[in-house]
Amino acid sequence: MKFTLSVALSPLEQLTELAATAEECGFASVALPDSLFYSETVSADYPYTPDGSRFWDEETPWVDPLIAAGAMGAVTSRIRFYTSVLKLGSRNPVLLARQVGSVANLTGGRFGLGLGVGWSPEEFEWCGAPYEHRGKRVDEAIEVLRLILGGGMVEYHGRFFDFGRLRMSPAPERPVPFYIGGHTEVALRRAARAGDGWASAMMKFDDLATTIGRLRELRAEYGRAGEPFEVQAVCIDRFGLDGYRQQADIGVTDVITVPWVLQGLGFDAPVAAKKDAIKKFADEIIDKFEEA
């Protein structure tokens, strides 16, 4: 079991200190959220809250996760970073390949790409990408990213993306892992077929167990049952040593957590209080989990 620190909704000036503290305390990774902008109105419900409402507002701080990973990577040497998750549907994969390759190289291979389709029609349309056929476009975009990041002179001729022979140098020294997010059947199939892992949003334990079971079935269906596969979980009703051990038992490999929230602090708490919360979580959970 690995433990990942989520820095979602934290003030931007805190990020590098939080990453350095997480590294010192034994966290494996930092999870970086993605939001392009806050539209005053949206024409679709947010899929991960009971009533479809957004749990942030127009003043909530966000940063481009790839830029954040570069900044945090510069003040650390071991801890990894991954997007959780980046909205691929509204982005051009050729441009994104250059950005991902740059971050992977500048961090010494300490970067993983968590990917989702995206849920807001406004994010697609206002960034010049059609909302229609978004799932199939994302499938092609994943192929484009893997192709370009694999190195060498490549070309692609698909339904949505088409380009002649090109090369981006330097390619990452090792493959960038792709963690596919989403809870729908089509998203789970995409993760099982094309991902190196799956990333959950907020889920209850029983739902998480059912979903992980379905992923096992789908990976077997695609002939990938024997390949390494990460399960990154945000479980909202199992905490503490026993709770994390229960998550491990059902197949979770990476717990995404926000230690200061577990201690009753807000996302805007002072950085010193957050660092204390990280250290307390490491003492009470990470160290004891490893000992066991």
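In this predicted model, Phe-124 is tucked away as a buried residue, its relative accessible area coming to just 1%. Tyr-131, by contrast, is partly exposed, with a relative accessible area of 21%. The two labels differ because buried means under 20% relative accessible area, and the 21% of Tyr-131 does not fall under that.

Aromatic rings turn up in pairs here, and the structure holds 15 of these aromatic pairs. One of them joins Phe-3 to Phe-289 in an edge-to-face arrangement, with 5.6 Å from centre to centre and 85 degrees between the planes. That pair ties together distant parts of the chain: Phe-3 belongs to strand E1 (residues 2–6) and Phe-289 to helix H10 (residues 271–291), 286 residues apart. Phe-3 and Phe-289 are both buried. Phe-124 and Tyr-131 make another edge-to-face pair, at 5.1 Å centre to centre and with 80 degrees between the planes.

Rings also gather in a group. Tyr-46, Tyr-48, Phe-55, Trp-56, Trp-62 and Trp-119 are linked into a cluster by ring pairs. Charged side chains meet rings as well: Arg-54 has its charged end over the ring of Tyr-38, 4.0 Å from the ring's centre. Likewise, the charged end of Arg-146 sits over the ring of Phe-178, at 4.2 Å from its centre.

Now for the empty space. The largest pocket has a volume of about 1300 Å³. Its lining takes in 49 residues, and those nearest the pocket's centre are Tyr-46, Tyr-48, Ser-200, Ala-201 and Met-202. Tyr-46 and Tyr-48 thus appear in this lining as well as in the ring cluster. Several helices and strands chip in with at least two lining residues each, among them strand E2 (29–32), helix H5 (134–149), helix H6 (185–194) and strand E10 (230–235). Strand E9 (197–203) is on that list too, and E9 gives the largest share of the lining, four residues. By residue type, the lining splits into 32 nonpolar, twelve polar and five charged residues.

The second largest pocket holds about 170 Å³ of space. Tyr-48, Pro-50, His-183, Met-202, Met-203, Lys-204, Asp-207 and Ile-236 form its lining. Of these residues, five are nonpolar, one is polar and two are charged. Tyr-48 and Met-202, found here in the lining of the second largest pocket, are also among the residues nearest the centre of the largest pocket.

Methods
Residues are numbered from 1 along each chain as its sequence is written. This is a predicted model: local features need pLDDT of at least 70, side-chain atom pairs count only at pLDDT 80 or more; totals for chains, interfaces and linings use all residues. Side-chain values use heavy atoms; hydrogens and water are left out. On a 1 Å grid over the protein atoms alone, a cavity is a set of points where a 1.4 Å probe fits but cannot get out, and a pocket is an open set with protein on both sides within 12 Å along at least five of seven lines; lining residues have an atom within 4 Å of a point. Grid points are joined across faces, edges and corners, and a volume is the space filled by probe spheres set on the points. Ala, Val, Leu, Ile, Met, Phe, Trp, Tyr, Cys and Pro count as nonpolar, Asp, Glu, Lys and Arg as charged, and the others, Gly among them, as polar. Rings of Phe, Tyr and Trp (its six-membered ring) pair if their centres lie within 6.5 Å; planes under 30 degrees apart count as stacked, over 60 as edge-to-face and the rest as tilted. Buried means under 20% relative accessible area, exposed over 50%, partly exposed in between (1.4 Å probe, protein chains only). A charge sits over a ring if NZ of Lys or CZ of Arg is within 6 Å of the ring centre and within 35 degrees of the ring normal.
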